[in-house]
Amino acid sequence: MRIALEPVSTRTTIQESVYQQLRNALMAGNFDPGQTLTIASLAETFGTSNMPVREALRRLAAENALEVAANGSARIPIVTLARLDDLCRARIAVEGLAAELGMPNLTPTDIATLERIAGEQHVIGLGANVYDLMARNQQFHFTIYRASGSEVLQQLIETLWLRFGPYMRMLSASVEPLMRSGELDPAGEHVAIVKALKAGDFAGARDGVVADIRRTHEILQDYCPATQDEPRKGSGLARR
């Protein structure tokens with residue numbers, strides 16, 4: 001299910017709530033590449049003044065999740081093949097290390113949780129609910145990364161996933177037909193990762209995480225324009 005933006009809660013500061021909701025929505029791929037987010041429309045959605053929205057956009061721009069214009073409005077970064085390649089190389093390096101460190105620390109309860117998530121993904125895949133599927137994917141990966149015990153790596157990974165948000169949006173449109181045709185396993189490499197963990201094969205499980213990222217990269221390559229000026233596939237003007 002897509003993450004819905006809601007009026008802010010009084011349990012946290014207004015500014016922090018706006019920031020966290022936008023951050024989660026960006027990471028989940030709720031916005032189209034190139035989409036403009038205006039301060040006024042977001043403030044109306046959150047039921048706040050412009051100030052906390054402006055500050056949230058500034059913080060997200062500092063994380064390279066958004067591009068802020070001179071008038072304060074923000075734009076979701078557009079997608080390019082070069083940027084996709086760059087992000088996936090970084091994800092493999094950083095997430096591969098977090099997985100390597102985290103795998104030996106996973107408890108039997110953690111592994112059972114991973115197995116449950118993979119099973120839920122297969123069930124969700126039957127209904128092709130892409131946003132629920134991607135939410136489970138994030139839960140699966142971050143369960144492993146948190147076990148690394150590295151605050152630095154977790155922060156880097158969150159930043160990479162933030163910047164990967166526009167590609168997740170593209171992925172949501174491309175995986176549904178692949179699941180229906182049977183070309184794509186809704187759980188990706190997750191079942192193989194759990195199997196390796198149960199066998200104590202931490203290197204094999206780490207390789208499964210890398211393979212999962214590579215598979216996402218392969219799917220998205222056909223949907224990304226080579227340059228900013230080239231229309232992306234599915235935008236009305238196909239790349240090829």
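Modeller: Helices here are DSSP runs of H or I with at least four residues, and strands are E runs of at least two. The model is predicted.

Colleague: On that count, how many helices and strands are in the protein chain?

Modeller: The protein chain has 10 helices and three strands.

Colleague: In what order do the elements run from the N terminus?

Modeller: They go α-β-α-α-β-β-α-α-α-α-α-α-α.

Colleague: Let's look at H2. Which residues are buried there?

Modeller: H2 spans residues 39–46. Ile39, Leu42, Ala43 and Phe46 are its buried residues.

Colleague: Why do they line one face of the helix?

Modeller: Viewed down the H2 axis, the buried residues fall within an arc of 100 degrees, so they line one face. An α-helix has 3.6 residues a turn, so residues three or four places apart point the same way.

Colleague: And Ala40 and Glu44, buried or exposed?

Modeller: Exposed. Ala40 and Glu44 sit on the other side of H2.

Colleague: What covers the buried residues of H2?

Modeller: The cover includes helix H1 (14–27), strand S1 (36–37) and helix H3 (50–62).

Colleague: What phi does Gly47 take, just after H2?

Modeller: Gly47 has a positive phi of about 70 degrees.

Colleague: Switching to the whole chain. What share of the residues is buried?

Modeller: Of the 240 residues in the protein chain, 46% are buried.

Colleague: And what area does the chain expose?

Modeller: About 11,800 Å², with carbon and sulfur atoms supplying 52% of that.

Colleague: Contacts next. Of those between residues at least 6 apart in sequence, what share joins residues at least 24 apart?

Modeller: For the protein chain, that share is 72%.

Terms used: Residues numbered from 1 in each chain as written. Predicted model: local features only at pLDDT ≥ 70, side-chain atom pairs only at ≥ 80, totals over all residues. Heavy atoms only, no water. Buried < 20%, exposed > 50% of the residue type's maximum accessible area, 1.4 Å probe, protein only. Arc of directions from axis to C-beta. Contact = heavy atoms within 4.5 Å. Areas by Shrake-Rupley, 256 points an atom, 1.4 Å probe, with all protein chains shown as cover.
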